[in-house]
Amino acid sequence: MKPSWNVDLLVVGAGPAGVAAAVMASSLRMTCVVVEAEGVGAKLRAIGALENVPGGWSTGAALAEALAGDLARHQKLGRVRVLSGRAVRVTGHSDRVEVGLEDGRLLTASAAVVATGVTTLAPGDVPWIEAPEIRQLPPLWRATADELAGRRAVVLGADRPLGTWLRTHPQGQVHLDVLFPEADQYKTDEVAGDPRIRLDLVDHVTVASVPRGFRITAEHPGGGAHVFVVDNVLGNIGSKPAAVPGLVVEEGGYCPTDEQHPRVLVAGDLKGPRMQRIAVAMGDGARAALEPYYRDQAVLGGPSTSVR
């Protein structure tokens with residue numbers, strides 16, 4: 001199949017790591033195509049509060065707009081293109097990388113940076129939740145305080161977005177029953193004093209649909225169970241890597257850098273749980289783009305500057 005695009009660098013994913021990789025590549029005069037399935041910074045836009053990212057960004061939406069502006073600026077320079085599409089395969093060869101898209105397009109490059117981040121865990125992904133009728137829970141971080149006001153809601157899991165959500169809605173008149181396993185215990189310190197939540201350590205939770213909402217059966221450590229009915233059940237159970245087929249994936253779902261094809265680099269959240277910080281992911285994306293640049297310098301005696 002004739003490739004749709006042939007450039008110096010393919011970047012799969014337009015989140016913090018992917019945009020940083022594309023900007024770094026463009027600054028080095030490398031031609032670059034960015035492939036994004038949903039939109040630049042799509043996952044960032046639902047983050048209501050940012051506190052640990054340099055630059056003064058207070059919300060994820062503001063940072064996403066800034067990232068989109070960065071890509072637009074480098075598009076005007078003629079070195080970056082942004083394609084809408086979903087990558088379904090990445091393959092490294094001795095002389096190139098190929099990225100196949102869901103619509104049949106084939107992209108080729110000297111190297112690729114895959115920065116597809118993570119996706120929300122479903123009830124079936126964790127052993128402590130049994131919800132046979134529910135394939136995916138609405139995530140807490142997409143809910144608004146107005147939607148939950150006056151309604152009894154259960155949040156399954158005490159992952160970090162819980163604290164972010166509460167800080168984003170400081171005046172929200174809500175009450176959340178947070179059911180969480182022992183593995184989440186250390187994450188509850190930052191929210192333990194908030195009067196709008198009730199923290200409930202559990203061993204196992206069963207969720208069943210009933211005419212008035214959902215019946216929750218919460219089994220507690222040491223025995224005993226609590227059964228109640230609620231209007232809403234929201235997920236906050238964490239995330240898993242959104243690896244593209246063709247990457248080498250270890251048991252935990254992450255993609256170790258030293259086991260990928262030499263022309264295929266992974267960046268940001270895909271590499272491991274310690275990367276799941278926006279500022280860290282941005283730095284890692286920029287670093288990933290430098291690797292093929294310096295490799296080409298060593299082989300060719302100068303930077304890759306081709307424009308195809």
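## Notes on two sheets and two residues

1. Start with a single bridge: Val-154 has Val-233 as its bridge partner, and Val-233 lies in strand 15. Strands here are DSSP E runs of at least two residues and helices are H or I runs of at least four, both numbered from the N terminus. Before going on, note that the model is predicted, so local features need pLDDT of at least 70 and side-chain atom pairs count only at pLDDT 80 or more, while totals for chains, interfaces and linings use all residues. Residues are numbered from 1 along each chain as its sequence is written, and side-chain values use heavy atoms, with hydrogens and water left out.

2. Which residue of strand 15 stands opposite Val-155? That would be Leu-234. Strand 9, covering residues 153-156, runs parallel to strand 15, and the two are paired over 4 bridges (a pair needs at least two DSSP bridges).

3. Step back to the sheet around that pair. Its 4 strands come in the order 11-10-9-15, the pairing is parallel, and the sheet is open. Strand 11 (197-201) and strand 15 (232-235) are the edge strands, and each of them pairs on one side only.

4. Are the faces of strand 15 covered or uncovered? Both faces are covered. On one side sit Asn-232 and Leu-234, on the other Val-233 and Gly-235, and all of these residues are buried (buried is under 20% relative accessible area, exposed over 50%, partly exposed in between, with a 1.4 Å probe and protein chains only). So Val-233, the bridge partner of Val-154, turns up here with Gly-235, while Leu-234, which stands opposite Val-155, shares its side with Asn-232.

5. The other sheet to look at is also open, but its pairing is mixed: 4 strands in the order 8-12-13-14. Why is one side of strand 8 (129-130) and of strand 14 (225-230) left without a neighbour in the sheet? Because these two strands stand at the edges, and each has a single partner strand.

6. Inside that order, strand 12 (residues 204-210) and strand 13 (residues 213-219) run antiparallel and are joined by 7 bridges. If you want one to click on, take Val-205, whose bridge partner in strand 13 is Ala-218.

7. Next, Pro-161. This proline belongs to helix 4, which spans residues 161-168. Pro-161 counts as partly exposed because its relative accessibility is 24%. Setting aside the neighbours within four places in sequence, Pro-161 is in contact with Leu-140 and Asn-236 (contact means heavy atoms within 4.5 Å). There is also a C-alpha distance to check in your viewer: Pro-161 and Ile-47 are 114 residues apart along the chain, yet their C-alpha atoms are separated by 8.4 Å.

8. Last, a backbone angle to look at. Arg-29 has a phi near 65°, which is a positive value in a residue other than glycine. Where does Arg-29 sit? Its place is in the loop that runs between helix 1 (16-27) and strand 2 (32-36). Is Arg-29 buried or partly exposed? Arg-29 comes out as partly exposed, since its relative accessible area is 47%.
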